[in-house]
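Thanks for coming, everyone. I'll take you through one structure in a few minutes, so please have a look at the screen.

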Amino acid sequence: MSGYQGKKNIPRITSDRLLIKGGKIVNDDQSFCADIYMEDGVIKQIGENLIVPGGVKTIDAHGRMLMPGGIDVHTRFQMPDRGMVSADDFYQGTKAALSGGTTMIIDHVVPEPGISLISSFEQWREWADSKSCCDYSLHVDITEWHKGIQEEMEALVKDHGVNSFLVYLAYKDIFQLTDAQVYEVFSVIRDLGAIAQVHAENGDIVAEEQRRILEQGITGPEGHVLSRPEEVEAEAVNRSVTVANQTNCPLYVTKVMSKSAADVIAQARKKGTVVYGEPITASLGTDGSHYWSKNWAKAAAFVTSPPLSPDPTTPDYLNSLLSCGDLQVTGSAHCPFNTAQRAVGKDDFSLIPEGVNGTEERMSIIWDKCVVTGKMDENQFVAVTSTNAAKIFNLYPRKGRIAVGSDADLVLWDPDMTKIISAKSHNSTVEYNIFEGTEVRGGPLVVISQGKIVLEEGNLHTTEGSGRYVARKPFPDYVYKRIKARSRLAELRGVPRGLYDGPVCEVSVTPKAMTPASSAKTSPAKQPNQPVRNLHQSGFSLSGAQVDDNIPRRNTQRIVAPPGGRANITSLG
């Protein structure tokens, strides 16, 4: 820790020792008044009348709340996109995070298809290690699927402290995986003890809708949301829940943007699925009506996927679900681009680089929308901004809790502070802020990262490159206790029965390649007439190509049992 000294012009305390007196300590499960003493970046003592060394800097926290620093579970700093890079790099991004009370971020590694996961991971590490001002960790996105990827995932879990991987159901012909591939990936993730994250949108439908809307001459940012109606998000969430259930893999849905997608998660949880939902600052704090703004640059600043819902009641609804526990964690998906970068899509909305701001505003917006309104108390606030994330991603109790031995990542929170969010005063480098003009109540007075004061009296004292990579172990208890119990229950057993020794019909199996491939665009009704299907013949070959594979299946078949037959396999009772 002593290697992370501040910049020369900031007066340093003789040692990294800090005493906070008189604050109300707020964890996810309880609040109590006590003093905290920290040294070398770790909380050493909590209680009253602490015996501490002389010459320690003391912060008076009377009448204020002291919380675990926020964990932003979803950032995309310095994100490459077609030769461009998102506007906020790891320095600017983590600086913005710290100014809002967030002391740890988890960013996404996005390997270009054809580039190995390990080398992409190392590239992100290099970027973040040199620039990040707060602790960070990395999710790894799976952008293609083959056997070599599985081996790399195993290495990332075993040797590099990664325990979460994201798959895309969207971005057709770029990142999108098929359902069968998602099934395989989820099975691997479960065996590795990691968390399966999903970007949930139906990429096939989005691609068709984009084409249709562009053909109608709609090229502006409103085309983005028109081509991605919210049922396209809800359908993909439902599909990923289904695959997660079949593979007994824990599921984590990133960027919950619409009511219907949130409802699918809430319903799945009520049925016992191990699934977590991550609304983001944008979906909790604003809506998609801005896509129709007459100002193209402003409308383009809201472009992200899934899009913000045009339904203005969505933020309040998502905040309610977050407050009652149906949604559990909050990220920002912070990935803004400046106007010149967005203008790559000035004549075609599908080319606008995607991403919004939100890492700086996240905690204040949730406090204002949820705690000030009485939807949640301060303990739930700590849970959704920090503790739940720490538990899901196996960072707890090092992160997400104020306890002896935990990291000294703390926020002194002022519930009465008011602020108007504006691009003029924010810490991002972009010209627009999607929350422009929003007044929020609640904000950080002092932020402590790694035991050092990084925000005090409105002044940031950040040190570029001081952030540490935090490795995460697999099989987090919070998630995997239930998964393990289910795997014991889910073992399939066949029915013990006698061998069938009756007559067996002869079948001729025609290889698939020899039958004319039916085009995806040909409707089943237009296909040439096929020979009548023999119902008894079809049931005995359980795998491989069938002679009638290209005949559309009917929903119901009435099967008449053959008379006689000595073995029980031929009787339908």
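How many bridges join β15 to strand β16, and which way do the two run? There are 8 bridges, and the strands run antiparallel. Strand β15 covers residues 410-420, and β16 covers residues 439-449. One pair to look for is L412, whose bridge partner in β16 is V446.

Before going on, a caution. What you see is a predicted model.

Stay with β15 for a moment. Strand β5, residues 65-68, is joined to β15 by 4 bridges. That pairing is antiparallel too. Here P68 has L410 of β15 as its bridge partner.

Now step back to the whole chain. The chain has 573 residues, and 53% of them are buried. It holds 16 helices and 18 strands. Take the contacts between residues at least 6 apart in sequence: 76% of these join residues at least 24 apart. The accessible surface comes to about 25700 Å². Carbon and sulfur atoms account for 52% of that surface.

Next, the open sheet. In what order do its 7 strands stand? Read across, the order is β6-β9-β10-β11-β12-β13-β14, with parallel pairing. The edges are β6, residues 70-75, and β14, residues 275-279. Each edge strand has a single partner, so one side of each is left without a neighbour in the sheet. From one strand to the next, the twist averages 25°.

Let's go inside that sheet, to β10. This strand spans residues 135-142. Buried or exposed, what are its residues? Buried, 8 of the 8, so β10 is largely enclosed by the rest of the structure. Both faces are covered. On one side sit D135, S137, H139 and D141. On the other sit Y136, L138, V140 and I142.

β10 has a partner on each hand. With β9 it shares 6 bridges, and the two run parallel. There, D107 stands opposite L138 of β10. With β11, residues 164-168, β10 shares 3 bridges, again parallel. There, I142 stands opposite V167 of β11.

One residue in β11 deserves a stop: F165. Its relative accessibility is 0%, so F165 counts as buried. What does F165 touch, leaving aside residues up to four places away in sequence? Its contacts include V140 and I142, which belong to β10. M153, L156 and V157 are also among them. So are I189, A194, I195, A196 and Q197. Here is a distance as well: the C-alpha atoms of F165 and V109 are separated by 9.4 Å. Along the chain, those two residues are 56 residues apart.

Now the helices against the sheet. Helix α7, residues 230-247, lies across β12, β13 and β14. Its direction is at about 170° to β13. Helix α13, residues 362-371, packs on the sheet as well. It touches β6 and β9, and its direction makes about 110° with that of β6.

α13 also has a helix for company: α14, residues 378-392. Their axes come within 11 Å and cross at roughly 140°. The two are therefore oblique to each other. The crossing is right-handed. On the α13 side, the residues involved are R362, M363, I366, W367 and V371. They meet E378, F381, V384 and T385 of α14.

Last stop, helix α1, residues 90-99. Why call α1 largely enclosed? Because 9 of its 10 residues are buried. Those include F90, Y91, Q92 and G93. What do the buried residues pack against? The partners are β9, α2, β16, β17 and β18. So β16, the strand we began with, comes back here.

Look at α1 and α2 together. Their axes are 8 Å apart, at an angle of about 60°. That makes them oblique to each other as well. This crossing, too, is right-handed. F90, Y91 and T94 of α1 meet W124, W127, A128 and K131 of α2.

To recap: an open sheet of 7 strands, a fully buried strand β10 within it, and α1, largely enclosed by the rest of the structure. Thank you.

Definitions and conventions
Residues are numbered from 1 along each chain as its sequence is written. This is a predicted model: local features need pLDDT of at least 70, side-chain atom pairs count only at pLDDT 80 or more; totals for chains, interfaces and linings use all residues. Side-chain values use heavy atoms; hydrogens and water are left out. Two strands pair if DSSP finds at least two bridges between them. Axes are lines fitted to C-alpha atoms, for helices over the stretch in contact, and angles run from 0 to 180 degrees between N-to-C directions. Contact means heavy atoms within 4.5 Å. Buried means under 20% relative accessible area, exposed over 50%, partly exposed in between (1.4 Å probe, protein chains only). Accessible areas come from the Shrake-Rupley method with a 1.4 Å probe; for residues, only the protein chains shown count as cover. Angles under 35 degrees count as roughly parallel, over 145 as roughly antiparallel, 65 to 115 as roughly perpendicular and the rest as oblique. A crossing is left-handed if the near helix is turned anticlockwise from the far one by less than a right angle, and right-handed if clockwise.
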